[in-house]
Number of protein chains: 2
Amino acid sequence: MLSEKVLKNLRGSSAIRAMFEEGENLKKIHGADKVFDFSLGNPDPPPPEAVLKSLRDLARENPPGLHAYMNNAGYKDVREKIAGHINNKDGTALAADNIVMTCGAGGGLNVVLKAILNPGEEVIVLSPFFVEYGFYIENYGGTMVVVPTEKGTFQPDLQAIEKSITPKTKGIIFNSPNNPTGVVYSEMILTSLAYLIEDKEKEFHSHIFVIADEPYRDIVYDEIKMPQILNIFKKSVSVYSYSKSLSLPGERIGYIAVSDKIENIDVFMEALVFANRVLGFVNAPSLFQKVIAESLGATVNVNIYQERRDLLYYHLTDLGFSCVKPQGAFYLFPESPLENTAEFKKLALKHKIIIVPGNGFGSPEYFRLAYCVSTKTIENSLPAFTALAKEAGLNK
Amino acid sequence: MLSEKVLKNLRGSSAIRAMFEEGENLKKIHGADKVFDFSLGNPDPPPPEAVLKSLRDLARENPPGLHAYMNNAGYKDVREKIAGHINNKDGTALAADNIVMTCGAGGGLNVVLKAILNPGEEVIVLSPFFVEYGFYIENYGGTMVVVPTEKGTFQPDLQAIEKSITPKTKGIIFNSPNNPTGVVYSEMILTSLAYLIEDKEKEFHSHIFVIADEPYRDIVYDEIKMPQILNIFKKSVSVYSYSKSLSLPGERIGYIAVSDKIENIDVFMEALVFANRVLGFVNAPSLFQKVIAESLGATVNVNIYQERRDLLYYHLTDLGFSCVKPQGAFYLFPESPLENTAEFKKLALKHKIIIVPGNGFGSPEYFRLAYCVSTKTIENSLPAFTALAKEAGLNK
């Protein structure tokens, strides 16, 4: 009666949601403060005051056309401001016409994939990766090719990528700072990747787009400098969302920024805007386009996330967990101390800790902790982690 | 380099946009008040005060979680209120779980089609029809089957529909009040259609969904009662948007209401929510879910539209234009007085009237006028229509 592809995907598509629901059940039994729920990437800090103020002001002033249709690419003045903001920060030379406003990064990725993919073409993703990529690629008849990152660093493995590029490769999606590892891909490795891709394009007479999924690019720690993908790769798009940097995930507001070095860029931009229209997004929500344009440069308090990272990272590694230190985002991705991560998940539940096993991210021997929860929750969880480590056989 | 399907569709996909741009050019030359632009369905009345007040209040009070992720189906309390509102109005028995909040009707239609279509399955649309349906259906590998409505009334032609239903028919989309004709499909005809569809499902052992695209259902005139699709068809969804009834087209807020008589409805709802998620909508914009839930029952001033309809309809028919009297929406769809509608479009441009030829709506011998423009613009346009009618050879 329904789409067979959708029905097939429904089964087992929601590992994160399933863990979230186990958490909700436990909270009903034991009380919310007794359960340590690290399952969901739902940011807990409020949006920055600049955002809340723009929202209040716009709602009160109600300028004409605030809720009306505009160009399917988004308001021109908003796109101009965003282009200028990126140019100032990273020395790019973007114009308003290099930007398409989107319904978050999820919307942006779908729009890009719709615009470029023909059935049977391949898209490389680097594991561990965000669970939804497989569905996004399948939406447009593409094939996902999973290439593991380097063990021990989670950095792109150039040799493995080189081997995976075929004449059918149309794109490579990566996500840095990474969900679930928190790793920032190194500029040096990405620069080498750019040469590698150009060589392969020449070899196969093909076109390979680099699609950087970057909702966490403004959540980085230890004064690390985020590489600007648009300066590194010729055929690249940066898909951004304000969900995390401004704690606005429910509002679905983001953009696609397109490298100005792409040949025939006008046709590419038209294809993106067309895809945005016919997938039914039509345009990014109008009020929040204006809100974020008034708040460029604002972010949530990144120090809060860094404190939480430190709290949890040092406690876990002290206990003997093996874990790469995150440089951004708000996830830890430690190795499971038990060979069977599902067993470890159950053990964690016994200690009222909700984790997400790594199999959904393409890395079954790990588990994810989303530390976008209150610092108090993290503090309260530390003894539970200690007990869990002991029971899992870790000791130092 | 790009998706071939998208490239193919880019050409000639934007008849309305093209006319809008011709209008903008003319306005630059002659001044905005000298050009009568009937090209775009961008509502000109402001949102009702109830909506603006909810927005101001929510922005000021900033309740916790206002911009956070929620269930991909939308806030439960919002869905409950909408279900209750429909039940009160139309005697349905919907619950929160029969509703999925969507990014407008464009988003809702894509979600429904993704959830039900397998490649090669057919979807019937009744011409004249909203230009985007073809793209929406193609997104999921479906085939659009165009069935003309009755000449002279634009009502569904049951015999023609019956002939067009095959074992591959998976759905029928219709839009009432209709864009571009303004016609409301009669309850009697729809009831007959329901029997016809059930017979065909039995004959072919198939499942045929009725997908009602209803963004104009609250913009009806002459105290007409809108039929409730969910009471008429067993396997039906009503896809609604607040774009027109609340003048919020830029905000992308609407819903899918699903008949509670569908078998295995839980799986269907799961499929819809999954489609909403993996197409990248994730959820309908959160703030506007809350805004519209506080404003149920409010609409823009429908009398204004009715006045405009009367002004334009009576003037045009007096001049000898042949036109069905709209019962809803804000479009007129008169017959072109010249055999070649493209010629007539040019003639209209000479009189600074911007129309959209009917070929994009599947009915090339007609043209569309969107009368969601100021009453003054309509009044000022009347002499131009008189001159145009004369030059086109109409006289009574």
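## Exercises on a predicted two-chain model

Chain A can be laid on chain B with an RMSD of 0.0 Å, by a turn of 180° and a shift of 0.0 Å along the axis. The exercises below start from this superposition, and the model they concern is a predicted one.

**Exercise 1.** Work out what relation between the copies is expressed by a turn of 180° with a shift of 0.0 Å along the axis.

*Solution.* In general, two copies of a chain are related by a rotation about an axis and a shift along it. For chain A and chain B the rotation is a turn of 180° and the shift is 0.0 Å. That is therefore the relation of a two-fold axis.

**Exercise 2.** Describe the side of chain A that touches chain B, beginning with how many residues are in contact.

*Solution.* Begin with the count: 57 residues of chain A are in contact with 57 residues of chain B. Next come the elements of chain A that give two or more residues to this side, namely helix H1 (4-10), helix H3 (49-61), H5, helix H6 (133-139), H11 and helix H12 (286-293). H5(A) gives the most, with eight residues. Sorted by class, the side of chain A that touches chain B has 31 nonpolar, 18 polar and eight charged residues. As a last step, compare the two chains: 100% of the interface residues of chain A are also interface residues in chain B, so the copies meet through the same surface.

**Exercise 3.** Determine how H5(A) and H11(A) are oriented to each other, and which residues meet.

*Solution.* Two packed helices are described by the angle between their axes and the distance between the axes. The axes of helix H5 (residues 104-116) and helix H11 (residues 265-278) of chain A come within 8 Å and cross at roughly 120°. An angle from 65 to 115 degrees would count as roughly perpendicular and one over 145 as roughly antiparallel; H5(A) and H11(A) are therefore oblique to each other. The crossing in which H5(A) passes H11(A) is right-handed. On H5(A), the residues that meet H11(A) are A:Val111, A:Val112, A:Lys114 and A:Ala115, and their partners on H11(A) are A:Ala271, A:Leu272, A:Ala275 and A:Asn276. By class, this contact has six nonpolar, one polar and one charged residues.

**Exercise 4.** Carry out the analysis for helix H5 and helix H11 of chain B.

*Solution.* In chain B, the axes of H5 (residues 104-116) and H11 (residues 265-278) come within 8 Å and cross at roughly 120°, so H5(B) and H11(B) are oblique to each other. H5(B) passes H11(B) in a right-handed crossing.

Technical notes. Residues numbered from 1 in each chain as written. Chains lettered and ligands numbered in written order. Predicted model: local features only at pLDDT ≥ 70, side-chain atom pairs only at ≥ 80, totals over all residues. Axes fitted to C-alpha atoms, helices over the stretch in contact; angles between N-to-C directions. Helix = DSSP H or I, 4+ residues; strand = E, 2+ residues; numbered from the N terminus. Parallel < 35°, antiparallel > 145°, perpendicular 65-115°, else oblique. Left-handed = near helix turned anticlockwise from the far one by under 90°. Contact = placed C-beta atoms within 7 Å. Nonpolar A, V, L, I, M, F, W, Y, C, P; charged D, E, K, R; others polar. Least-squares fit on C-alpha atoms with pLDDT ≥ 70 in both.
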